[in-house]
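Here are some short exercises to work through with the model in view. Try each task yourself before reading its solution.

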Amino acid sequence: MRRTLIAGNWKMHGQMNSIRELMSGISEQLQSDWRCEVLVCPPAVYISTVKQLIGDKTVSLGAQNVSEQVQGAFTGEVSADMLTDIGCQYVLVGHSERRSLYGESDELVADKFAAALKAGLKPVLCIGETLEQRENGTTMNVVKQQIDAVINLLGIDGLAKGVIAYEPVWAIGTGVTASPEQAQEVHAAIREHLKQSCTSAAQNTQILYGGSMKAANAEQLLAQPDIDGGLIGGASLKADEFIAICKVAG
Ligand code: PEP
């Protein structure tokens, strides 16, 4: 049985006051009987502040990026061990903004995935096609290639230690959500692809949907059999909206 994971990606938003306000707003409304796991991924410099604000509440903590390197002269980078050290349990790797704006290749993303696992973090592998790729009919080729970069490096068992987030690039930050049917179709195909390497990995790996998910569309998306949660950008910056999605997840 796969547990639902609702993850907020705060991207490069907020400052100390608004970050405190957002986290307090989330903490106050959390309910201990929810079955879903709630994860927040603040900007790196505020992770420790958010950790303090979480206190004894059950909210998981993640970073938005990590270096593939272990340590050394890599100015500006943050290592996986550092993230573990300050209390992170998760890290996003290969978010489409990192791939498109910072030129992260499938191989680099796989190295980051490996570095995260080695440090005891759970990597969330973000994958997804552009609008052009969808229109060309190459969606599944693209997402399989992104997944296979990790399988080639770490095997299916390595991949299965993380989480996959299917985020169609055309749906991220655009207000255009994939329909539940469109999302389910790709999620099912991803699971089928994993099954070709290992049935239990396919059954147990959480596959999140990301791309303009909000309270108003979460119920239908989360009702799909192969959608195990959401990676939420814009809507995670409003405590009430984020909490409303968590409530839908139950
Ligand atoms: C994201 O950045 O991962 C994301 C899904 O953003 P949004 O929810 O704003 O589309």
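## Exercise 1: The ligand

Find the backbone contact between S212 and the ligand.

Solution. Step one: a backbone N or O atom of S212 sits 2.7 Å from an oxygen atom of the ligand, a polar contact (a pair of N or O atoms within 3.5 Å). Step two: the protein buries 95% of the 290 Å² that the ligand exposes when taken alone (Shrake-Rupley method, 1.4 Å probe).

Before going on, note that this is a predicted model, where local features need pLDDT of at least 70, side-chain atom pairs count only at pLDDT 80 or more, and totals for chains, interfaces and linings use all residues. Residues are numbered from 1 along each chain as its sequence is written, and side-chain values use heavy atoms, leaving out hydrogens and water.

## Exercise 2: Side chains at the ligand

How far is an N or O atom in the side chain of K11 from an oxygen atom of the ligand?

Solution. Step one: for K11, the distance is 2.6 Å. Step two: for the side chain of N9, an N or O atom is 3.5 Å from a ligand oxygen.

## Exercise 3: The surrounding shell

Which residues are the closest to the ligand?

Solution. Step one: of the 14 residues that surround the ligand (a heavy atom within 4 Å), the closest are K11, H95, E167, G173 and S212. Step two: sort the shell by class, and you get four nonpolar, eight polar and two charged residues; Gly counts as polar here.

Methods:
Polar contact = N/O pair within 3.5 Å; in protein donor to acceptor, adjacent residues only side chain to side chain.
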